[in-house]
Amino acid sequence: MLIIGIAGGTGSGKTTVVKKIIEALPKDEVTVLPQDCYYNDNAHIPLEERLKMNYDEPASIEWTLLCQQLTELKNGKNIARPSYDFITCSRLKETVNLPPRDVVVVEGILVLTDKQLRDMMDVKVFVDADADERLIRVIERDCIERGRTPQMVIDRYRETLKPMHELYIEPSKRYADLIVPQGGNNNVAIMLLTDYIRSLLSSGVNHTKICK
């Protein structure tokens, strides 16, 4: 099993990169673990307070559960991956059954900030993109998918997203084996990454690192 970590700022194009990797590999060969599914279960906290919480710092993620489930997949076991509702900012009761596969992609803004998780990865990727482009994508996504107004998104960007990006996410770039500039639009970098994954799978080498 190959474990691929894909990090990058909010709106950088991580989801697009993951989608293109899945499309490039044989069907049913990739299992994806989104970091966002592992936000701490704060259902006991009133909604008004949950909406004000900082979800862009490492402390907002239940890393122990993520690493535990990743280990279970590596040991050939199915997992019950948690689900998360961004509108209510709470973990859902429903879980998603995921089987172990040849490639597991762990994707999220903070996945390179946790050492235990980082050490489990065979390939670490950072998806980079211009800050203005990221903000535009975040506004489009949050207004359509998460019921927020443009002003709410802009206020959150200024108060939380930007400072947390500078404090935690941007510094985690130094742990990456591969940096993908221009986000999900960099087809050349994505092609090189998928070709490398194919080569590892075909050679049966599960723990080779990309040479820096």
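This is a chat about the pockets, cores and backbone of one predicted model.

Me: What is the confidence like, going by pLDDT?
Reply: The chain averages a pLDDT of 89, and 96% of the residues score at least 70. pLDDT is the predictor's confidence in each residue, from 0 to 100. As this is a predicted model, local features need pLDDT of at least 70 and side-chain atom pairs count only at pLDDT 80 or more, while totals for chains, interfaces and linings use all residues. Residues are numbered from 1 along each chain as its sequence is written, and side-chain values use heavy atoms, with hydrogens and water left out.

Me: Where does pLDDT stay under 50?
Reply: Over residues 207-212, for which the model has 16 contacts beyond four places in sequence. Contact means heavy atoms within 4.5 Å. Where pLDDT is low, the predicted coordinates should not be read in detail.

Me: OK, pockets. What volume does the largest one have?
Reply: About 1100 Å³. Of the 40 residues that line this pocket, Thr10, Asp36, Phe86, Arg141 and Arg146 are the closest to its centre. On a 1 Å grid over the protein atoms alone, a pocket is an open set of points with protein on both sides within 12 Å along at least five of seven lines, while a cavity is a set where a 1.4 Å probe fits but cannot get out; lining residues have an atom within 4 Å of a point. Points are joined across faces, edges and corners, and the volume is the space filled by probe spheres set on them.

Me: Which element supplies the largest share of that pocket lining?
Reply: H6, with six residues. Helix H1 (14-24), strand S2 (30-34), helix H5 (131-145) and helix H6 (150-169) each supply at least two. Helices (H or I, at least four residues) and strands (E, at least two) are DSSP runs, numbered from the N terminus.

Me: And by class?
Reply: The pocket lining has 16 nonpolar, 11 polar and 13 charged residues. Ala, Val, Leu, Ile, Met, Phe, Trp, Tyr, Cys and Pro count as nonpolar, Asp, Glu, Lys and Arg as charged, and the others, Gly among them, as polar.

Me: How many cavities of 30 Å³ or more are there?
Reply: One. The largest cavity has a volume of about 40 Å³, and its lining is Thr10, Asp56, Arg134, Tyr157, Leu161, His165 and Ile169. H6 gives the most here, with four residues.

Me: Staying on H6, is Thr160 buried or exposed?
Reply: Thr160 counts as buried because its relative accessibility is 18%; buried means under 20% relative accessible area, exposed over 50%, partly exposed in between (1.4 Å probe, protein chains only). Leaving out residues up to four places away in sequence, Thr160 touches Asn54 and Asp56.

Me: New topic: what is phi for Asp28 and Cys89?
Reply: Phi is near 60° for Asp28 and near 55° for Cys89. Most residues other than glycine have a negative phi. Asp28 lies in the loop between H1 and S2 and counts as exposed at 52% relative accessibility. Cys89, in the loop between strand S3 (79-85) and strand S4 (90-98), counts as buried at 4%.

Me: Last one, which residues touch the most other members in the largest nonpolar core?
Reply: Leu33, Tyr38, Leu70, Val106 and Leu117, out of 31 residues. H3 gives the most to this core, with six residues. A nonpolar core is a set of buried Ala, Val, Leu, Ile, Met, Phe, Trp, Tyr and Cys residues joined through side-chain atoms within 4.5 Å. Apart from this core lies another, of 19 residues, among them Val17, Ile21, Val105 and Val123.
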